[in-house]
Amino acid sequence: QVQQNVERLFTRFVEEGKATVRLREPAVDLCLSKANVINLKTFLSAVRLAHQGDDTGGLPLSPLVPAKNSDVEKPKTKMIITSRRDYPLTKSFPFSLEHLQTSYCKLARIDSRVLCLKKLRKLDLSHNHIKQLPATLGDLVCLQELDLHDNHLEAFSGALCSSGLQKSLQFLDLSQNQIQALPIEFCRLRGLVRLRLDDNALLRLPCRIGQLSRLRFLSAARNKLPFLPSDFRKLSLENLDLFGNPFEQPNPLAPNVQLKIPATLLECAARATVNHRIPYGCHLLPSHLCKDLEVAKTCRCGSACLSSFIQITVTMNLHHVAHTVVLVDNMGGTDAPVLCYFCSLDCYSQFLDRHLQSNG
């Protein structure tokens, strides 16, 4: 179907026997090359007339002859650009691209033309000057690999974590940026298998990181992590690198007591919702309670706690969550401090008794 379906004709190189017909539906580019110039001009005139709904019977069209395989140009699926001078400023990216790399191009933002490449599976924007990611990046629903290392990013938005990327994205490289924290929603990217966060300014990892059940490779070396979240225990990794973080020395005897006695109504409601596995959502519970439940803590007894808890750090050998561990420090250690929560003084006292007996 051609009528009212031609987005644009690219005829700049028609004298060389080349032209491109961009269709609206399906959204593809028909690339013509090695064509007879006269026949090509006649064909393009016919396309224009057909698009406008006019009769093409008066044009001297040549009989159709099947093209040879050698003459058919296959849709381009891969493009690699590694210098600014090679970056296309006037020429569009082929809609058929599945792999695009534009590195060392001094890009300050993601090109809007890239965000229209719906077939992209791998996007490499490393070694640029990108400061912010557009929400429309989440519209690339086929995207499996996203490389953003060595840019100027200060955040990774929660909107992207709630987009189509949460199902498709398997590899994410955010290393060598300026990120201090990742949003709560980050752990919705449950398709992630490889995650690189090296050389940022991370002060903490997402509190629900244990929800990344498919994650197998995690690297967060040379950040500012003082400890790991409690949920870190739930990971099952093949390779883990946390070298160069200023981990604090665990001290179970110096608790951070945030107990509120008696417990607030909000605390009671949150604990009951989690402990009794009551389904919840903004259509069932107040939205502020739903947001609090997303970061609810879990006591060692299995009970939930929200804002009333006792917090300590304890030592965890990282081999409990990873097969291969890069040394945490230059001393050859593989232990790191991990947060631990208690819902009551009774639970903390029981833990403390066991701890003192094992170290007595």
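A residue is called buried when its relative accessible area is under 20%, exposed when it is over 50%, and partly exposed in between, with a 1.4 Å probe and protein chains only. The structure is a predicted model, in which local features need pLDDT of at least 70 and side-chain atom pairs count only at pLDDT 80 or more, while totals for chains, interfaces and linings use all residues. Residues are numbered from 1 along each chain as its sequence is written, and side-chain values use heavy atoms, with hydrogens and water left out.

Q: Is Arg196 buried, exposed or partly exposed?
A: Arg196 forms a salt bridge with Asp198 at 3.2 Å, N to O; the term denotes a side-chain nitrogen of Lys or Arg within 4 Å of a carboxyl oxygen of Asp or Glu. Its partner Asp198 has 1% relative accessibility and therefore counts as buried. For Arg196 the relative accessibility is 36%, so this residue counts as partly exposed.

Q: Which residue, along with Asp173 and Arg196, belongs to the network of salt bridges that share partners?
A: Asp231 and Lys234 meet in a separately listed salt bridge, at 3.1 Å from N to O. In that pair Asp231 is buried, with a relative accessible area of 6%, whereas Lys234 is exposed at 59%. The network of shared partners joins Asp173 and Arg196 with Asp198.

Q: How many residues apart are Glu15 and Lys41, whose pair links distant parts of the chain?
A: The two side chains meet in a salt bridge of 2.7 Å, N to O. Glu15 lies in the loop between strand 1 and strand 2, and Lys41 in helix 1; helices (H or I, at least four residues) and strands (E, at least two) are DSSP runs numbered from the N terminus. Glu15 is exposed at 54% relative accessibility, and Lys41 is partly exposed at 37%. In sequence, the separation of Glu15 and Lys41 is 26 residues.

Q: What span is expected for helix 1?
A: The expected span of a helix is 1.5 Å times one less than its number of residues. Helix 1 has 16 residues and reaches 23 Å from its first C-alpha to its last. That reach is close to the expected value of 22 Å.

Q: Which strands are included in what covers the buried residues of helix 1?
A: The buried residues of helix 1 are Leu40, Thr42, Leu44, Ala46, Val47 and His51. Asn39, also in this helix, counts as partly exposed because its relative accessibility is 37%. The cover, judged by contact (heavy atoms within 4.5 Å), includes strand 1, strand 2 and strand 3.

Q: Which side chain of opposite charge is nearest to Lys297?
A: Lys297 lies in strand 13 and is buried without a salt bridge. Its contacts, not counting residues up to four places away in sequence, include Arg208, Cys305 and Tyr341. For charge, Lys and Arg count as positive and Asp and Glu as negative, while His and the chain ends are not counted. At a distance of 8.1 Å, the nearest side chain of opposite charge is that of Glu267.

Q: How is the aromatic pair of Tyr87 and Phe93 arranged: stacked, tilted or edge-to-face?
A: Rings of Phe, Tyr and Trp (its six-membered ring) pair if their centres lie within 6.5 Å; planes under 30 degrees apart count as stacked, over 60 as edge-to-face and the rest as tilted. The count by this rule is 5 aromatic pairs. Tyr87 and Phe93 have ring centres 5.9 Å apart and planes at 70 degrees, so the pair is edge-to-face.

Q: How far from the ring centre of Phe217 does Arg194 lie?
A: A charge sits over a ring if NZ of Lys or CZ of Arg is within 6 Å of the ring centre and within 35 degrees of the ring normal. The charged end of Arg22 sits over the ring of Phe95, at 4.5 Å from its centre. Arg194 lies over the face of Phe217, and its distance from the ring centre is 3.9 Å.

Q: What is the omega of the cis peptide bond that joins Ile261 and Pro262?
A: One cis peptide bond joins Glu25 and Pro26, with omega about 0 degrees, and Pro26 is found in the loop between strand 2 and strand 3. Pro262 is placed in the loop between strand 12 and helix 4. For the cis bond of Ile261 and Pro262, omega is about -5 degrees.
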